[in-house]
Amino acid sequence: MSVGPAVHHGRYRMEGDEVVLEWREGRVSERCGLVRPDVIATCRLRQLVSDLSSEG
């Protein structure tokens, strides 16, 4: 996924009804519900990267 000039990589997998996203800063899980897992993973990674860049 691209955020600004940088490209960020993560991978996700399903554990029950949760999407587990692993990326360079660690691991997070998010409840999936009716939304597709790839959509959840992309949105969460974008949010994490944006939060990280605003801290630094």
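A cavity is a set of grid points, taken over the protein atoms alone, where a 1.4 Å probe fits but cannot get out. The model shown above is predicted, and it holds 1 cavity of 30 Å³ or more. The space in the largest cavity comes to about 40 Å³. Rolling a probe the size of a water molecule over the atoms shows where empty space is left.

The wall of this space can be read residue by residue. The largest cavity is lined by V19, L21, V28, S29, E30, I40, A41 and R44. Strands β4 and β5 and helix α1 each give at least two residues to that lining. By class, the lining residues are 5 nonpolar, 1 polar and 2 charged.

Two of the lining residues, E30 and R44, also face each other as partners. The side chains of R44 and E30 form a salt bridge, with 3.2 Å from N to O. This pair links distant parts of the chain, since R44 sits in helix α1 (residues 37-55) and E30 in strand β5 (residues 26-31), 14 residues apart. R44 counts as partly exposed because its relative accessible area is 21%, and E30 is also placed in the partly exposed class, at 32%. Both values fall between the limits of 20% for buried and 50% for exposed.

Other charged pairs can be followed from here. The structure holds 8 salt bridges in total. In one of them, E22 meets R11, with 3.3 Å between N and O. E22 belongs to strand β4 (residues 18-23) and R11 to strand β3 (residues 10-15), so this salt bridge ties together parts of the chain that are 11 residues apart in sequence. The two partners differ in accessibility class: E22 is partly exposed at 21% relative accessibility, whereas R11 is exposed at 59%.

A further salt bridge joins R13 to E15, whose closest N and O atoms are 2.9 Å apart. R13 has a relative accessible area of 31% and is therefore partly exposed. E15, with a relative accessible area of 38%, is partly exposed as well.

How do R44 and E30 stand in the chain? R44 lies in helix α1 and E30 in strand β5, and their pair links distant parts of the chain. Elsewhere, salt bridges with shared partners join R11, R13, E15, E22 and R27 into one network.

Helix α1 can be followed further through L48, which has its place there. L48 is buried because its relative accessible area is 14%, under the limit of 20%. Leaving aside neighbours within four places in sequence, L48 is in contact with L21, W23 and V28. Of these contacts, L21 and V28 appear in the lining of the largest cavity too. The C-alpha atoms of L48 and R31 are 16 Å apart in space, with their positions 17 residues apart in sequence.

Another residue to locate is H8, in the loop between β2 (6-7) and β3. H8 is buried, with a relative accessible area of 12%. Between the C-alpha atoms of H8 and V49 the separation is 7.9 Å, although these residues are 41 residues apart along the chain.

S54 also lies in helix α1. Is S54 buried or exposed? Its relative accessible area is 60%, so S54 counts as exposed. The C-alpha atoms of S54 and C43 are separated by 17 Å, and the two residues are 11 residues apart along the chain.

That leads to the cysteines. How many disulfides does a search of the whole structure find? The search finds 0 disulfides. C32 is in no disulfide, and the nearest cysteine sulfur, in C43, is 11 Å away. Why is C43 not bonded to C32? The sulfur of C43 is 11 Å from that of C32, the closest cysteine sulfur, which is too far for a bond, because a disulfide needs the two sulfur atoms within 2.5 Å. C32 is buried at 9% relative accessibility, while C43 is partly exposed at 44%.

Methods. Residues are numbered from 1 along each chain as its sequence is written. This is a predicted model: local features need pLDDT of at least 70, side-chain atom pairs count only at pLDDT 80 or more; totals for chains, interfaces and linings use all residues. Side-chain values use heavy atoms; hydrogens and water are left out. A salt bridge is a side-chain nitrogen of Lys or Arg within 4 Å of a carboxyl oxygen of Asp or Glu. Helices (H or I, at least four residues) and strands (E, at least two) are DSSP runs, numbered from the N terminus. Buried means under 20% relative accessible area, exposed over 50%, partly exposed in between (1.4 Å probe, protein chains only). On a 1 Å grid over the protein atoms alone, a cavity is a set of points where a 1.4 Å probe fits but cannot get out, and a pocket is an open set with protein on both sides within 12 Å along at least five of seven lines; lining residues have an atom within 4 Å of a point. Grid points are joined across faces, edges and corners, and a volume is the space filled by probe spheres set on the points. Ala, Val, Leu, Ile, Met, Phe, Trp, Tyr, Cys and Pro count as nonpolar, Asp, Glu, Lys and Arg as charged, and the others, Gly among them, as polar. Contact means heavy atoms within 4.5 Å.
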